[in-house]
Amino acid sequence: MPAYWLMKSEPDAFSWNDLVAKGAKGEPWSGVRNFTARNFMKDMKVGDLCFFYHSNIGKEVVGVCEVIEPAHPDPTDDTGKWECVDVRAVEAMPKPVTLSDVKENPKLSEMSLVKSFRLSVQPVTAAEWAEVCRMGGLKRPAKKSKK
């Protein structure tokens, strides 16, 4: 499985700035109620990197976050069937990358954000990761931390 992901959040519910405010302790990526998205989180490893994408409002990649805790029971679920990972903010995108920018870039035509845009947790290939980082102005695309 990929070591790169994209995670969507509605900024009026939980924004990039909210995650930044959580600091090193991060936050559980709770509330996901889609089996495919849950299964992607179960595949995540500590140190994997994720684009933080503002959905609905803005529709843009605004930052990079890191998985700091592997999949565990979602604290917002009483049924026991949903899991989540914990993430922390790593760095903001110097220039947010909009959904329209992604759709207009032929190098990203196969990206899940284009093809499976409704899924809240998606895999990202290494080539897609590098291209979105380039578009967002990250001089050195964020690398997995050594833990």
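This passage describes the sheet, the packing around it, the cysteines and the largest pocket of a predicted model.

The sheet offers a good place to start. It is open and built from 6 strands in the order S2-S5-S4-S3-S1-S6, with mixed pairing. Strand S2 (27–28) and strand S6 (121–124) stand at the edges. Each of these two has a single partner strand, so one side of each is left without a neighbour in the sheet. As a general point, strands of a sheet pair through backbone hydrogen bonds, in either the parallel or the antiparallel sense.

Beginning at the S2 edge, S2 and S5 are joined in the antiparallel sense over 2 bridges, and here Pro 28 faces Asp 86 of S5. Strand S5 (residues 83–98) in turn pairs with strand S4 (residues 60–73), again in the antiparallel sense, over 10 bridges. Two pairs of residues help to locate this register: Gly 63 lies opposite Ala 92 in S5, and Glu 66 has Arg 88 of S5 as its bridge partner.

Toward the other edge, S1 has a partner on either hand. With S3, S1 pairs in the parallel sense over 6 bridges, and Lys 8 is found opposite Tyr 53 in S3. With S6, S1 runs antiparallel, the two being joined by 4 bridges; in this pairing Tyr 4 has Val 124 of S6 as its bridge partner.

S1 is also mostly covered, with 6 of its 6 residues buried. The cover extends to both faces of the strand: Tyr 4, Leu 6 and Lys 8 are buried on one side, and Trp 5, Met 7 and Ser 9 are buried on the other. Some of the packing around the sheet comes from helix H5 (residues 126–135), in which Glu 128, Trp 129, Glu 131, Val 132, Cys 133 and Met 135 are buried. The buried residues of H5 pack against several strands, namely S1, strand S3 (49–54), S4, S5 and S6, and also against helix H3 (99–104). Just after H5, Gly 137 adopts a positive phi of about 85 degrees.

Two individual residues deserve a closer look. Tyr 53, in strand S3, counts as buried at 3% relative accessibility. Once neighbours within four places in sequence are set aside, the contacts of Tyr 53 are Leu 6, Met 7, Lys 8, Ser 9, Lys 59, Glu 60, Val 61, Leu 99 and Leu 113. Ser 15 is 38 residues from Tyr 53 in sequence, while the two C-alpha atoms are 8.9 Å apart in space.

Asp 74 sits in the loop between S4 and S5 and is buried too, with a relative accessible area of 3%. Leaving out neighbours within four places in sequence, Asp 74 is in contact with Ser 30, Gly 31, Val 32 and Arg 33, as well as with Trp 82, Glu 83 and Cys 84. Between Asp 74 and Glu 27 there are 11 Å from C-alpha to C-alpha, with a separation of 47 residues in sequence.

Turning to the cysteines, the structure holds 0 disulfides. The closest cysteine sulfur to that of Cys 50 belongs to Cys 65 and is 4.5 Å away, which is too far for a bond, given that a disulfide requires sulfur atoms within 2.5 Å. Cys 65, likewise, is in no disulfide, and its nearest cysteine sulfur is that of Cys 50. Cys 50 is buried, with a relative accessible area of 0%, and Cys 65 is buried with a relative accessible area of 0%.

Finally, the search for empty space returned a largest pocket of about 480 Å³. Its lining is made up of 21 residues, and Lys 8, Ser 9, Glu 10, Ser 55 and Ser 120 lie nearest the centre. Strand S1 (4–9) and S2 are the elements that give two or more residues to this lining. By class, the lining of the largest pocket comprises 11 nonpolar, 5 polar and 5 charged residues. Lys 8 thus returns in several roles: buried in S1, opposite Tyr 53 of S3, and among the residues nearest the centre of the largest pocket.

How values were computed. Residues numbered from 1 in each chain as written. Predicted model: local features only at pLDDT ≥ 70, side-chain atom pairs only at ≥ 80, totals over all residues. Heavy atoms only, no water. Pairing = 2+ DSSP bridges. 1 Å grid on protein atoms, 1.4 Å probe; cavity = no way out; pocket = protein on both sides within 12 Å on 5 of 7 lines; lining within 4 Å. Points joined across faces, edges and corners; volume = space filled by probe spheres on them. Nonpolar A, V, L, I, M, F, W, Y, C, P; charged D, E, K, R; others polar. Buried < 20%, exposed > 50% of the residue type's maximum accessible area, 1.4 Å probe, protein only. Contact = heavy atoms within 4.5 Å.
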